[in-house]
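I opened this entry to keep track of what I looked up in the structure. The notes go residue by residue and then to the whole chain.

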Amino acid sequence: MTVELSSPKALAATLGISVRTLNRWHALRKGPARVKVGRLIGYRQTAIARWLDIYEVQPVVAGARH
């Protein structure tokens, strides 16, 4: 089984935030799920994708009413 993990530094750079923000989000249970083995912290690609799906927004069509 192969699991691709992103480091906190790599994920923070991708999202344009700091590692400190990722740690804060984890404490608030706001960010993506993470894996911790010993001192190693990583983020599974699937967990990142699931978390990003929550924030996906569809474009609004001008003049359309809900």
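**Asparagine 23**

I looked up asparagine 23 and found it partly exposed, with a relative accessible area of 38%. The model is a predicted one, and I read every entry below with that in mind. Asparagine 23 sits in helix H2. I then took its distance to tyrosine 55, which is 32 residues away along the chain. The two C-alpha atoms are separated by 19 Å.

**Helix H2 and its partner**

Since asparagine 23 belongs to H2, I went on to how that helix packs. H1 covers residues 8–15 and H2 covers residues 19–27. Their axes are 8 Å apart, and the packing angle is about 100°. H1 is therefore roughly perpendicular to H2, because angles of 65 to 115 degrees are counted that way.

Next I listed the residues that meet. From H1 they are Pro8, Lys9, Leu11, Ala12 and Leu15. From H2 they are Val19, Leu22 and Trp25. Sorted by class, the contact of H1 with H2 holds 7 nonpolar residues, 1 charged residue and no polar ones.

**Arginine 29**

Past H2, I stopped at arginine 29, which lies in the loop between H2 and strand S2 (35–37). I asked myself whether arginine 29 is buried or exposed. Its relative accessible area is 79%, so I logged arginine 29 as exposed, the cut-off for that being over 50%. I also checked its backbone: phi of arginine 29 is near 55°. That is a positive value in a residue other than glycine.

**Isoleucine 41**

Isoleucine 41 is in strand S3, which runs over residues 40–44. I recorded isoleucine 41 as partly exposed, at 21% relative accessibility. Buried would need a value under 20%. Which residues does isoleucine 41 contact, leaving aside neighbours within four places in sequence? I found Ser7, Pro8, Arg34, Val35 and Lys36. Pro8 had already turned up among the H1 residues that meet H2. Leucine 5 is 36 residues from isoleucine 41 along the chain, and their C-alpha atoms are separated by 8.9 Å.

**Helix H3: glutamine 45 and isoleucine 48**

Helix H3 spans residues 45–54 and contains isoleucine 48. Glutamine 45 lies in H3 too.

I took glutamine 45 before isoleucine 48. Glutamine 45 counts as partly exposed, at 36% relative accessibility. Neighbours within four places in sequence aside, glutamine 45 is in contact with Glu4, Leu5 and Ser6. I also looked up alanine 10, which is 35 residues from glutamine 45 along the chain. Their C-alpha atoms are separated by 12 Å.

Is isoleucine 48 buried or exposed? At 9% relative accessibility, isoleucine 48 counts as buried, because the cut-off is under 20%. Not counting residues up to four places away in sequence, isoleucine 48 touches Ser6, Leu11, Pro32 and Tyr43. Ser6 is also on the contact list of glutamine 45, and Leu11 is one of the H1 residues that meet H2. Proline 59 is 11 residues from isoleucine 48 in sequence. From C-alpha to C-alpha, that pair is 22 Å apart in space.

**Whole chain**

I closed with the overall figures. The protein has 3 helices and 3 strands. Read from the N terminus, the order of the elements is β-α-α-β-β-α.

How does the radius of gyration stand against that of a compact globule of 66 residues? The globule would have one near 11 Å, whereas the protein has 15 Å. I noted the span of the C-alpha trace along its principal axes as about 55 × 30 × 20 Å.

Buried residues account for 20% of the 66 residues, isoleucine 48 being one that counts as buried. The protein exposes about 5700 Å², and carbon and sulfur atoms supply 56% of that area. Last, I looked at contacts between residues at least 6 apart in sequence: 45% of them join residues at least 24 apart.

Definitions and conventions. Residues numbered from 1 in each chain as written. Predicted model: local features only at pLDDT ≥ 70, side-chain atom pairs only at ≥ 80, totals over all residues. Heavy atoms only, no water. Axes fitted to C-alpha atoms, helices over the stretch in contact; angles between N-to-C directions. Helix = DSSP H or I, 4+ residues; strand = E, 2+ residues; numbered from the N terminus. Parallel < 35°, antiparallel > 145°, perpendicular 65-115°, else oblique. Contact = heavy atoms within 4.5 Å. Nonpolar A, V, L, I, M, F, W, Y, C, P; charged D, E, K, R; others polar. Rg over C-alpha atoms; globule rule 2.2 N^0.38 Å. Buried < 20%, exposed > 50% of the residue type's maximum accessible area, 1.4 Å probe, protein only. Areas by Shrake-Rupley, 256 points an atom, 1.4 Å probe, with all protein chains shown as cover.
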